[in-house]
Amino acid sequence: MSAKKIAAFAYMRTSSAANTGPDKDSDKRQAAAIEAFADANGYIIESTFYDAAVSGADPIDERPGMLALLDAVLANGTRVILCESPDRFARDPIVQTLGHRMLKEHGVELIPTTAPDYFTEETPTAELVRDILGAISAFERKQLVARLRGARKRRSAALGRACEGRKPVPDATIQEARRLYRRSPKTGQRRSLRDIAEELGKLGHHAPSGQVYNPGSVRQMLERAGVYQPAAPADAGHTINAEGAR
């Protein structure tokens, strides 16, 4: 019994419009190479997609034929694409790498018939492209940070005040922290900063990150409210000193 063949799509691309048309052989040559590879390696071509007069430097998600192919991939579960050669997929190394990465993220295997391992083996070219992409990414991040910093400075100048840094603690949270800081009528002691932070969380007062405030933040709230009194050395773990009459 013959082994079941693996479903695959064929992808072809021709750069120049002068090389497309019924009297040209670019698409015929590519189709013949793909079909020969499929027959020899247990694949069956379900559909063929062709980008005629499309540059090899164009991103793959801007090509009509490739977009139709991707729609077909997502629709019927076929996860193999055969093309004649790596440069038929994309001629630009960065476009090759980014395009292959996008396909891989969708679980799609790309196989050039002239070099079946091209996109899976570690080559100096692949490493170079990854290094270049990493450098470009780092550069773009630094540019973004610089632009945001510049925008904040311009806005601060326009407003006459700083508009960066952490968001201010809501007045309602500060007032609640102040209430929790008061001495207990029964014991005459105060809650610790950590206990106040936990109580604030239970009451729905959270830091901008969504987490419970930390003791240091609670101390800053109480200092802002003008009621914080540092603990005596013997009671460093608890804020239990007397509060002035209020």
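**Close-up views of a predicted model**

**View 1. Helix 6 and helix 8 run roughly perpendicular to each other.** As in every view here, what you see is a predicted model. Helix 6 covers residues 171-181, and helix 6 and helix 8 pack at an angle of about 95°. Their axes are 9 Å apart. That angle falls in the 65 to 115 degree band, so the pair counts as roughly perpendicular. On the helix 6 side, look for Asp171, Thr173, Ile174, Ala177, Arg178 and Tyr181; they meet Met221, Leu222, Arg224 and Ala225 of helix 8. The residues of this contact sort into 6 nonpolar, 1 polar and 3 charged.

**View 2. Helix 7 also packs against helix 8.** Swing over to helix 7 (residues 193-202) and helix 8 (residues 215-225): the angle is about 90°, with the axes 8 Å apart. Because that angle also sits between 65 and 115 degrees, helix 7 and helix 8 are roughly perpendicular too. From helix 7 come Leu193, Arg194, Ile196, Ala197 and Leu200, while helix 8 brings Pro215, Val218, Arg219, Met221 and Leu222. By type, the residues of the contact of helix 7 with helix 8 divide into 8 nonpolar, no polar and 2 charged. Keep an eye on Met221 and Leu222: they show up here, meeting helix 7, and in the previous view they meet helix 6.

**View 3. The largest nonpolar core has 18 residues.** Which of them touch the most other members? Met66, Leu69, Ile81, Phe89, Leu103 and Leu110 do. Strand 1 (6-14), helix 2 (64-76), strand 3 (80-83) and helix 4 (93-105) each put two or more residues into this core. Helix 2 is the biggest giver, with 5 residues. Apart from this core there is another one, made of 14 residues, including Ile174, Leu180, Ile196 and Leu200. Two of these have already turned up: Ile174 meets helix 8 from helix 6, and Ile196 does so from helix 7.

**View 4. Leu69 has several contacts far from its own stretch of sequence.** Setting aside neighbours within four places in sequence, Leu69 is in contact with Phe9, Ala10, Tyr11, Phe49 and Ile81. Ile81, like Leu69 itself, is among the core residues that touch the most other members.

**View 5. Gln96 is a buried residue in helix 4.** Its relative accessible area is 8%, which is under the 20% cut-off, so Gln96 counts as buried. What sits opposite its side chain? A polar atom of that side chain is 2.6 Å from the backbone oxygen of Ala90. Once residues up to four places away in sequence are left out, Gln96 touches Pro86, Asp87, Phe89, Ala90, Tyr118 and Phe119.

**View 6. Ser184 sits in the loop between helix 6 and helix 7.** Buried, exposed or partly exposed? At 25% relative accessibility, Ser184 is partly exposed, because that value lies between the 20% and 50% cut-offs. A polar atom of its side chain lies 3.4 Å from the backbone nitrogen of Thr187.

**View 7. Zooming out, the chain has 8 helices and 4 strands.** Along the sequence they follow the pattern β-α-β-α-β-α-α-β-α-α-α-α. Of the 246 residues in the chain, 31% are buried. Among contacts with a separation of 6 or more, 66% link residues 24 or more positions apart.

Note on methods:
Residues are numbered from 1 along each chain as its sequence is written. This is a predicted model: local features need pLDDT of at least 70, side-chain atom pairs count only at pLDDT 80 or more; totals for chains, interfaces and linings use all residues. Side-chain values use heavy atoms; hydrogens and water are left out. Axes are lines fitted to C-alpha atoms, for helices over the stretch in contact, and angles run from 0 to 180 degrees between N-to-C directions. Angles under 35 degrees count as roughly parallel, over 145 as roughly antiparallel, 65 to 115 as roughly perpendicular and the rest as oblique. Contact means heavy atoms within 4.5 Å. Ala, Val, Leu, Ile, Met, Phe, Trp, Tyr, Cys and Pro count as nonpolar, Asp, Glu, Lys and Arg as charged, and the others, Gly among them, as polar. A nonpolar core is a set of buried Ala, Val, Leu, Ile, Met, Phe, Trp, Tyr and Cys residues joined through side-chain atoms within 4.5 Å. Buried means under 20% relative accessible area, exposed over 50%, partly exposed in between (1.4 Å probe, protein chains only). A polar contact is a pair of N or O atoms within 3.5 Å; within protein, one must be able to donate a hydrogen and the other to accept it, and residues adjacent in sequence count only if both atoms are side-chain atoms.
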